[in-house]
Amino acid sequence: RGIGKALVEGFLRHGARKVYAAVRKVSTADNLVQIHGIDRVVPVYMDLSKPDTIRDAATNLTRDVQIVVNNAGVLEMAHPLNHSTRGENTKEEEEENHDNHHQHKHKNDQHDPPHDNNNNNNNSNTQQNHFLSALEYQMEINVYGLVHVVQQYVPLLQKNGNGAFVQINSVSSLRCPHSQFAAYSASKAASYSILQGLR
């Protein structure tokens, strides 16, 4: 669905013989397979938080790939100093896309600990830890996940005739639009720098 689905259909519409749909749950690609056929849309299990799945896909399942599109990304809003809403925080992952289509949807509601007026320092530390947790989570997927994909697929692309590696990034990589996006923007800025290093 979303960007990933549009990428798959766009590649097929413009003449791609086969598109590997890298997904965390293979059944999410069922609709595309039913429409276009298993010979044209090939679901491949991949989880960017698990490097072994990336290596297995590159080594055993997608060795003839010529274009890789990485749309994998997660977003968790968190203020560097405190929570935006007392009582509840929401984590949402964007759709993910790798080898033209990689979906990854997750939602997790986290509740703040009870407010303690007599222990402001401890409360501040809890809030800081939430930001650090959000930062670590987004770095794991948006940065380290990207690096694992790059390291596995760029050599394969070179071997297959110097194809293209495309990263779907965000304007947040250049400018943080809001304090709640600080961790996300940091991860996207890092991914932008890594891609620039490949030019």
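A residue counts as buried when its relative accessible area is under 20%. By that cut-off, 41% of the 199 residues in this chain are buried. Please keep in mind that the model is predicted. The chain holds five helices and seven strands, and from the N terminus on they follow the order α-β-α-β-α-β-β-β-β-α-β-α. Below is a friendly walk through some of its parts.

**Strand β1 and its partner**

- Strand β1 covers residues 19-23, and five of its five residues are buried.
- Both faces of β1 are covered. On one side sit Val-19, Ala-21 and Val-23, and on the other Tyr-20 and Ala-22, all of them buried.
- The partner of β1 is strand β2, residues 41-45. The two strands run parallel and are joined by five bridges.
- Between these strands the chain passes through helix α2, residues 30-36. This β-α-β crossover from β1 to β2 is right-handed.
- To find the register of the pair, look at Val-19, which stands opposite Val-41 in β2, and at Tyr-20, which stands opposite Val-42.

**Helix α2 beside β1**

- Val-33 belongs to helix α2.
- Val-33 has a relative accessible area of 18%, so it is buried; the cut-off for that class is under 20%.
- Val-33 and Ala-21 are twelve residues apart along the chain, and 9.5 Å separates their C-alpha atoms. Ala-21 is one of the buried residues of β1.

**Helix α3 and Thr-59**

- Helix α3 spans residues 51-61, and Thr-59 lies in it.
- The relative accessibility of Thr-59 is 37%, so this residue counts as partly exposed.
- Within the chain, the side chain of Thr-59 reaches the backbone oxygen of Arg-55 at 2.8 Å.
- Thr-59 also has a partner at long range in sequence: Leu-156 is 97 residues away along the chain, yet the C-alpha to C-alpha distance is 8.8 Å.

**The second largest pocket**

- This pocket has a volume of about 240 Å³.
- Its lining is made up of Val-154, Phe-165, Gln-167, Asn-169, Tyr-192, Leu-195, Gln-196, Leu-198 and Arg-199.
- Two elements give two or more residues to this lining: strand β7 (164-167) and helix α5 (182-196). Helix α5 gives the most, with three residues.
- By residue class, the lining divides into five nonpolar, three polar and one charged.
- Leu-198, one of the lining residues, sits in the segment after α5. With a relative accessible area of 43%, Leu-198 is partly exposed.
- Val-154 also belongs to the lining. Leu-198 and Val-154 are 44 residues apart in sequence, and their C-alpha atoms are 9.4 Å apart in space.

**A polar contact to a lining residue**

- Gln-167, which helps to line the second largest pocket, has a side chain in polar contact with the side chain of Asn-70 at 2.7 Å.
- Asn-70 is part of strand β3, residues 67-70.
- The relative accessibility of Asn-70 is 1%, so it counts as buried.

**The loop before β7**

- Asn-162 is located in the loop between helix α4 (120-159) and strand β7.
- Its backbone is worth a look: Asn-162 has a positive phi of about 60 degrees, although it is not a glycine.
- As background, most residues other than glycine have a negative phi.
- Asn-162 has a relative accessible area of 58%, so it is exposed; that class begins over 50%.

**Helix α5 and Tyr-144**

- Ala-190 lies in helix α5, the element that gives the most residues to the lining of the second largest pocket.
- At 23% relative accessibility, Ala-190 counts as partly exposed.
- The C-alpha atoms of Ala-190 and Tyr-144 are separated by 9.7 Å, while the two residues are 46 residues apart along the chain.

Notes: Residues numbered from 1 in each chain as written. Predicted model: local features only at pLDDT ≥ 70, side-chain atom pairs only at ≥ 80, totals over all residues. Heavy atoms only, no water. Buried < 20%, exposed > 50% of the residue type's maximum accessible area, 1.4 Å probe, protein only. Helix = DSSP H or I, 4+ residues; strand = E, 2+ residues; numbered from the N terminus. Pairing = 2+ DSSP bridges. Right-handed = clockwise from strand over helix to strand, strands pointing away. 1 Å grid on protein atoms, 1.4 Å probe; cavity = no way out; pocket = protein on both sides within 12 Å on 5 of 7 lines; lining within 4 Å. Points joined across faces, edges and corners; volume = space filled by probe spheres on them. Nonpolar A, V, L, I, M, F, W, Y, C, P; charged D, E, K, R; others polar. Polar contact = N/O pair within 3.5 Å; in protein donor to acceptor, adjacent residues only side chain to side chain.
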